[in-house]
Every structure is written in structure tokens, then in C-alpha cells.
Amino acid sequence: MVTLHLAVALNDAGWHPAAWRAPDARPAELFSPGYWADLVAEAERGLLDFVTLEDALGQQSAAFHRPDDRTDQVRGGLDAVLVAARVAPLTSRIGLVPTTNVTHTEPFHVAIGIATLDHAARGRAGWRPQIASRAADARHFGRRTTPQLTDEDVLSEERIAARLRPLFAEAADVVEVARRLWDSWEDDAEIRDTATGRFVDRAKLHAVDFEGPLFSVRGPSITPRSPQGQPLVASLAHASTPYEFAARASDLVFVTPDDPADARRILAEVDTAVRTAGRDLAARPLKRFADLVVLLDDTEAEAVARKDRLDTLAGAELASDAHIFTGTPAALADLLLDWRPLGFDGFRLRPAALPHDLEAITRALVPELRRRGAFRTAYTETTLRGHLGLTRPVSRYARV
Amino acid sequence: MKQVHLAVQLPAIHNVTVWSDPRSESQISIDSFIRLAQAAERGKFDFFFLAEGLRLREHKGEVYDLDVVGRPENLTVLAALAAVTDRLGLAGTVNATFNEPYEVARRLASLDLLSGGRAAWNVVTSYDAFTGENFRRGGFLDEADRYTRAAEFLRTARELWDSWAEGDVLADAASGHFVREGAGRFAHRGRHFDIEGRFTTPRGPQGHPVVIQAGESDAGREFAASDADVIFSKYSRLEEARPFYADVKSRLAKYGRTHGQLKIMPTATAIVADTDEEAVAYADEITRAQVSPQTAIAHLEGVWGRDLSGYDPDGPLPDVDPEPESLVLKGHSVFRKGREETARRWRKLADERGLSIRELMIEVHGGQTFVGSPRTVADAIDHYVQSDGADGFVLVPHLTPGGLDEVVDRVVPLLQEKGVFREEYTGTTLREHLGLGAPTSPEETS
Ligand SMILES: Cc1cc2nc3c(=O)[nH]c(=O)nc-3n(C[C@H](O)[C@H](O)[C@H](O)COP(=O)(O)O)c2cc1C
């Protein structure tokens, strides 16, 4: 019997734009710590592998490529790394994977922020580096411009990716710098040698000396190596360029298949990207998760009716880059176990409405999977890498 | 009677921490931060402070290895501490030279929301090209420009915090209005920043996080007088502190501000034992651990600008002259400028008093602010504040994480008895602890 990994993607009041108007939503609390702490605690009670926390440098928008002026949907958000840190002491096992942009933020700052989250969470940090694709976001910084996607561009994932290719190349450099900085302290750099008066052995602290076309970073990090050594890097990918990015930079990739045939096609593309990147999967595994938006209720009719109500409130039918599943937890369990053998290590479920669909995952889907022998009954590891069966990498700078 | 304000700093990277003491635990484990922060909250302190340094210091071209090395990204740690404390203010340094206002304003507003109104930002301007090598833009900023950038940076951050008004989050499910129209819209056009768009983060409970400044130059003092809520200093001797206090407070009037609107808090150490004699002996022992023979030589090299490893720390000062142009200690602001003059002063002091290298370094770089029995220390802190040397202190314990316990358990009750320190928090936000009013809109200075 195969088991699978499960994550949830937390976003505002859920992934349905009208979710904040659902009867059990807590829209006035989206900017308070208690809201996030409760959600993550619920995910941990379900023994999920990790939660992801969305973030962006601009306000949410119904349009992919530019801001809008709507006031009928959630607008506004908190820094995801800080939210993750705020909930870290209140949880003990679940992985915490915030999103950060890597287009405008200094690589050094991001790298030490994620390393610090790993220290604060005692080895449970991940990171989802994301490019800032909206040209308007660049105006928040005023340092550079980024490509403005046209209305035509956004009709195709491939066209988006092609236009944003330079940003992905730069993002790969940012991840490379972060990884070098995370390794720049060997594990045993701190020696506290009273005889010589030395706190550290400086032979175990390394310059990273990164020189890229857009930036350079000297190093070493100011933050000692974190519990996981390398926090888990995860990325979302919909097209060839982001598959290449994942193949180069990520430990885990989220993809968005519509059905099994689409899943096979996507996984084959990921395989090709891995080969092109010359990545040795035995040495550096790449976990594959499929993303699904989920609306879950005791009966399919209830789930459909709830979706209809939300669609009506939103004034439009729910649309997503990911497949939308509307039905019962048992039917979702069937789907996950169907798709799992196609080559997925696990799934990231995006609850359409919070806390409703999260609770359906932790309280109905998880027990259902467990009944079928497909999900853990207790955490056996304490780190995020541990949950996923990934080992703790040795610093690249360590002399063996 | 003036009320005393107290804060604690978890020390990193300078020689305050006696890491060789068996009671000294991890400088990086979250447990250490939690333990110290909870001690401070038990003592009803105003805030917990974490400094920042963005490049490891170097000594003769290699990482400086004698002091504690390594620290976390401070706002991330402070967000975690918000979960395990209730009232304690959470202050972190964020450099205005190696950051952008949009991002810093966003992170601080987030911290303020995540902590229920306890965030503070120490705006510093350290600018050297050495640190700049870790950043996209490098260390381009001219010394003269760093405070103009910092002032505009802060002004811009305040515009961003003001881009959401209180009550802009409507969250009205019945009517379907989540935000008020235009929430977060901003545009700033200035010399250093030309930006516009929509800010993501609603206004935090404090409106604006508390703003701290820690520069000493004339420009730094002016910046504090016009724009900060708290100023740090290193003047921990009363005779140096009083002129600094008078000078900084005298600058407030021209910005239409009153004395109470800027709190002056020097960093200080407090060594407490049962009796004054025991405390003096303990302080001496701590100071000798802080200024080891190796540290004494390294600091001397910092000023002399040359290799002095051949000299005996217990012997006299070197007979060679300093090389004021060469920098053997990089990333230490103390050794940045005025080194020829420092060397002259040190030589004179050593000659007059017949001090060895290490004794001299203990004299100039060691030393504790408050030493004595709990009663002596409480009286000294109170006297210092009442005689306008400070409004309070940032205590820097020499042990991590247990180094604040003696002060909390034995000194704080005596200050409370005197009626100069709170017995309970009366407010929930850091602004309230510091007796600061609601934020004023940014002054059009410069
Ligand atoms: C108590 C105190 C704390 C400071 N903390 C920091 C810090 O955390 N990070 C930093 O880069 N500089 C720090 N500084 C340095 C100053 O903020 C300032 O950047 C430097 O002194 C240069 O400014 P000035 O020329 O106005 O003095 C601190 C200074 C003092 C006195």
C-alpha cells in the first residue's frame, strides 16, 4: 500500500474569492495572529506534512497581471515569513512554508529570514520563492522595471513564462545564493575554545562569492546553519520555464494537472527538465505534488450547492489554475489514490473556504486515507525534511 | 518623579557576552530568545531589543573569531517571540541603507499586527561598502547622504502606514464590502524614493510602530529629535550622559515636540550580588573575561591598524606608531574613525597610570555601568534617571539567556518600591508603555 504526503495551502479566507462571506469565515480576523495560529494548529492536528502561506508584494487582484480596484474581495495581507514565525512556537511538528518574492527583495535578507524561521521552528521551515510578475509591483520599489504582461499574454501559461523568463533566471540565482549562504557555516563552526579565546573556527565559515549578471553576494551568512541545514525549497510551476526553474532550484514542485492524462504530460515535462538540468535525483530528490482546489462536504450535492452559493456571491464561477474538486472526502480520497501512482509524492490541497474545507481535510479526508492505509497515524519525524523522507544535506563547503 | 524605562538586548557579536562561562547557552537557539524575553516580561520591561549586523566582522582579512559570531534575522525572531509574550515590546534594528521602504514598512506593520501593537524599529544608517558587498546595490551611499536617505525612508514608511486608515478593513460579509475604496493607495516622489501603488498591509494597532534611532553624529541627533520616539546611546557614564541628554532634548522644540516625546535610553550593564564588595569582585572577573588577552590585542590592532600579535598583552603599549589609513578590524564601527587621536589618548593614559595593554583595554573598553547590591543598583539607576542622564536603559546582560534574572528578581522590586517603575503593565502597546501618544503625521523636515 502506498502512502502519500498532504499539505494545505492557506490563503486569506480560502481560495474562493467569496470565501470571506461564508457563514463560518472570520474575515475581520485575517490580519490577527489568532486566525493563522488556529488554522495551522488544525492542520497539525490532521498530521499534515506542511502548510504553505501565500504572499505577494502587491494587493490581491482578480486579474493575473495587474491590480484592480475591487473592494468586494479580500485585499491586504501580512508578511508570510513573519506569520510563519508567529505560529512556530505554537506548533511542534508541522512544516511551515511561506512564500516570498525573489524579484525585488535582497537575496541576503530572504536567505537569513528563512534560515531564522528554521531556527525558530526547530527544523520545520520551507520556502516558496516566487517571482513578482506584476509590473506594478516594481513601482513599489522604484528600482527597476519588470515586463508588463498584455491581456493576450495571460491567456497562455507558456506565453507568460516566456515573457518572464529573465525573472526566472534571476530567481534561480537567488535560490543558489540562499543555498550557499545556508551552507556557509559548517555545522560545527562554533567551538567556544577557551584556551585560544576563539568562539568560532573561522576555517568553517565560508565566503559564498556569488557573482551573477544582476547581483553579487559575498557572504558568509550572518546566521549559523539552521536545524535542517537546507530548509525545503518548493515552487509552483505551470509551464516549461518554471519546470526548468524547479528542476534547477527546488526540492519540491507543485503542479496543476486537470486529469490523469494531463498529469502524465506534466510529469514527463518535469522529467525532461530534470534531465536537461543534469540533476541527479538520487543525490537531490525532487518531490512532486499536485495542487487541487477543494470544496468538501458530507454529500456531493451539499458541496455543489455550497460552491453555487459562493459563486453567486462572487458574481462569477470559481476559476483556478488548479483542478477544482467539489465533492465528498471519500471521493477525494479516491482521486488522490488514483493519481498518486502516476508519479506524485503527495498533494497540496487549497481549501476553497476556511476553516470549512480545512476541517473537512483534517477531520474527514485524513481519517478516510488512514482507513485505507495511505496516511500516517502519527508524526514519526520532527523536521519538515524528515516528514518527506529527505535527509539533512552536508554543507557543500565541508571538507570530508 | 520620572518613571524609569527598561529594555533588554540579547547581545551578539561584541565582547559583552562571556561565552566561556558554563552558564552561557546558545546564542542562536530560539529557547535562548524565549527565555530572555520572558524574563524581561516578568520584570515588566518596556521592550526586548535585537540589533542587526549584515556582514560578519573581519580581523586581518578573516572572520573575527573572539566574540560571539552569528545571529538571526531579527524581525523573524521577534515575530516568534510575539507568540510567547503578551505585553513586552519587540524592537529590531533594520538598516535604512540596505533596504527599501515598501518592504520594511510592510514587515513592521505585519509585526505590529502579529504582536497586538508591540513593534519597534531601530533605524540605523551604517553604510560601509564592506557591508554593501552582501547586497544588490552595494555600499554606494555617501556618508553625507545616509541620513537624508534615512529621513526620507522613514517619511515614506510613515506614508505607507498611513495609506490604510483605521477602519479600512470593513469585512462586511452582508454587504460584500471587504475594504474601503482606495485602501493602501500611495504615491511618494522624492530624491531617494519615487514609488507608487497599493500597500498590502493594514494599519497596525500602534498606527506607526515605535521608531528608535541610535546614531551619535550631529545629523543622527537631529534625525532623532525630529523623527524618533526613542534614542539609544552608548553614554553610560553619568557625566557624559547628561550633556548628551540635554543636547538631544534641546533639539526637540524646533520640531514642535516636547521632552516626553523622545525617550533617551543608553545601553548599560548591571552586575548584581548580595553585597557591594561581592559585586565589585564579580564585575572585575566579568570584565577580565570580556577583555581576554586575545581581545585586548585585537582591539589595539583595531586602533593601530597593524598586526601587533608579537606584543605581550601584559606588557607595555607597542613602541610603533599607528597606521591610521589601514583597517584591520572591518565591520566594527568603533574602529572606523578618529584612530590617531584615540591612540594618542590611550598612550597618554597608559603612561600616566603605568597600564599594560590588557589593563588599558579593560580601562577603555571594559567596565560595567551599575555594580553593587540590589539596593545600590536600584538607587544608581533611579539617581541616573532623576538627574537627567537618561529616561531609562537598555540592559545588556553578560550571560545568555539567564543574565537578566538577577535584575528582574532583585532590582526591579526595589524600583517598584520607590515608585519609579511600573508594578503592572497599564497598557497593551509599546507606545503606551513608553508614554508616547498616538503617532503624529510625519514632519516636513529636510
Ligand atoms: C546603542 C546603539 C545601538 C546600535 N545598534 C546598531 C545596530 O543594531 N546595527 C547597526 O548597523 N548599527 C547600530 N548602531 C550604530 C548606529 O546606529 C549608527 O549607524 C552609527 O553610529 C553611525 O551613525 P552616526 O554617525 O550618526 O553615529 C548602534 C549604535 C548605538 C549607540
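**Helices, ligand and peptide bonds**

Reader: In which sense, left-handed or right-handed, does α3(A) pass α6(A)?

Author: In this predicted model, α3(A) passes α6(A) in a right-handed crossing. A crossing is given that name if the near helix is turned clockwise from the far one by less than a right angle.

Reader: What makes the packing of α3(A) and α6(A) oblique?

Author: The two helices, α3 with residues 107-120 of chain A and α6(A), pack at an angle of about 50 degrees, with their axes 9 Å apart. Roughly parallel would need an angle under 35 degrees, and roughly perpendicular one from 65 to 115; the angle here fits neither range, which means that α3(A) is oblique to α6(A).

Reader: Which residues make that contact, and of which class are they?

Author: On α3(A) the contact is made by Pro107(A), Phe108(A), Ala111(A), Ile114(A) and Ala115(A), while α6(A) brings Val174(A), Val177(A), Ala178(A), Leu181(A) and Trp182(A). By class, this contact has ten nonpolar residues, with no polar and no charged ones.

Reader: Why are α6(A) and α7(A) described with the word they are given for their directions?

Author: The axes of α6(A), residues 165-183, and α7(A), residues 240-249, come within 10 Å and cross at roughly 10 degrees. Because angles under 35 degrees count as roughly parallel, α6(A) and α7(A) are therefore roughly parallel to each other. Here too the name of the crossing is right-handed, for α6(A) passing α7(A). By class, the contact of α6(A) with α7(A) has seven nonpolar, one polar and five charged residues.

Reader: How do you know that Ser217(B) has a polar contact with the ligand?

Author: An N or O atom in the side chain of Ser217(B) is 2.5 Å from an oxygen atom of the ligand, and a pair of N or O atoms within 3.5 Å is what counts as a polar contact, so this pair qualifies. The backbone also takes part: an N or O atom of Glu52(B) lies 2.8 Å from a nitrogen atom of the ligand, and one of Ala214(B) lies 3.2 Å from an oxygen atom of the ligand.

Reader: How many residues surround the ligand?

Author: There are 16, and the closest are Ser126(B), Arg146(B), Tyr147(B), Glu216(B) and Ser217(B).

Reader: What is the peptide bond from Gly219(A) to Pro220(A), cis or trans?

Author: That bond is cis, with omega near -10 degrees, and Pro220(A) is found in the loop between β8 and β9 of chain A. The bond from Leu354(A) to Pro355(A) is cis as well, with omega near 0 degrees.

Notes:
Residues are numbered from 1 along each chain as its sequence is written. Chains are lettered from A and ligands numbered from 1 in the order in which they are written. This is a predicted model: local features need pLDDT of at least 70, side-chain atom pairs count only at pLDDT 80 or more; totals for chains, interfaces and linings use all residues. Side-chain values use heavy atoms; hydrogens and water are left out. Axes are lines fitted to C-alpha atoms, for helices over the stretch in contact, and angles run from 0 to 180 degrees between N-to-C directions. Helices (H or I, at least four residues) and strands (E, at least two) are DSSP runs, numbered from the N terminus. Angles under 35 degrees count as roughly parallel, over 145 as roughly antiparallel, 65 to 115 as roughly perpendicular and the rest as oblique. Ala, Val, Leu, Ile, Met, Phe, Trp, Tyr, Cys and Pro count as nonpolar, Asp, Glu, Lys and Arg as charged, and the others, Gly among them, as polar. A residue is near a molecule or strand if one of its heavy atoms lies within 4 Å of it. A polar contact is a pair of N or O atoms within 3.5 Å; within protein, one must be able to donate a hydrogen and the other to accept it, and residues adjacent in sequence count only if both atoms are side-chain atoms. Contact means heavy atoms within 4.5 Å.
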